[in-house]
Amino acid sequence: MSFWLFKTEPGCFSFENLKNRPNMTEHWDGVRNFQARNFLRDQIKTGDLVLFYHSSIPEPGVVGLAEIVRDGYPDFTALDPNGEHFDPKASPANPIWFMVDVRYLKELPRMVTLAQIKNHPMLTNMPLVKRSRLSIQPVQQEEWQIILAMGGMDTP
DNA sequence: GCCAACGTTGGC
DNA sequence: GCCAACGTTGGC
């Protein structure tokens, strides 16, 4: 089982959107970056856990947890010419882009801000700090535990 | 709204 | 295959 951090602009899709439909699965579609695509296609598996991160707001940070409920599969929004995420190079035979499905798990009692993460000496190697633009990132188990503790979650 | 970082595109 | 131009992301 692996840990990940997924970024989203809350104006586009927020943790509240996920939380409000707790038993529904959501497609994590529209990712159009090859490095992120490779994680979605090759490494992210059902049962993996996700830090849900809000970006491009006055106080960005991790707000909650989600769970992967379906392994990577072709992102069909790339095939819709009327859709926002259309890619003319994608086809059913060569989908190019992939997505996973996620489900709401838990809201953090306290949001963990980017500023807090940057200030924690054990978290300075996170891609979030070093390569902030990557929208799907691996998270080390230690980092996961630290962030959950900072967010007020009890860890067994 | 600005701008730095960085990913992608396309000419050569 | 290089690299300049361009577009996008995301913090501030």
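Q: How far does a polar side-chain atom of R133 lie from a base oxygen of DNA strand B?
A: This is a predicted model, in which local features need pLDDT of at least 70, side-chain atom pairs count only at pLDDT 80 or more, and totals for chains, interfaces and linings use all residues. Residues are numbered from 1 along each chain as its sequence is written, chains are lettered from A in the order in which they are written, and side-chain values use heavy atoms, with hydrogens and water left out. For R133, the computed distance between a polar side-chain atom and a base oxygen of DNA strand B is 2.4 Å.

Q: Which residues are around DNA strand B?
A: A residue counts as near a strand if one of its heavy atoms lies within 4 Å of it. Of the atoms of DNA strand B that come within 4 Å of the protein, 60% belong to sugar and phosphate. The residues around this strand are N33, F34, K89, K130 and R133.

Q: What share of the atoms of DNA strand C within 4 Å of the protein belongs to sugar or phosphate?
A: The residues around DNA strand C include K7, S56 and R133. Bases make up the rest of the strand C atoms within 4 Å of the protein, and the share of sugar or phosphate is 80%.

Q: Which residue places a backbone N or O atom 3.0 Å from a phosphate oxygen of DNA strand C?
A: In the side chain of K7, an N or O atom is 3.0 Å from a phosphate oxygen of DNA strand C, while R133 has a polar side-chain atom 3.0 Å from a base oxygen of that strand. The residue whose backbone N or O atom lies 3.0 Å from a phosphate oxygen is S56.

Conventions
Polar contact = N/O pair within 3.5 Å; in protein donor to acceptor, adjacent residues only side chain to side chain.
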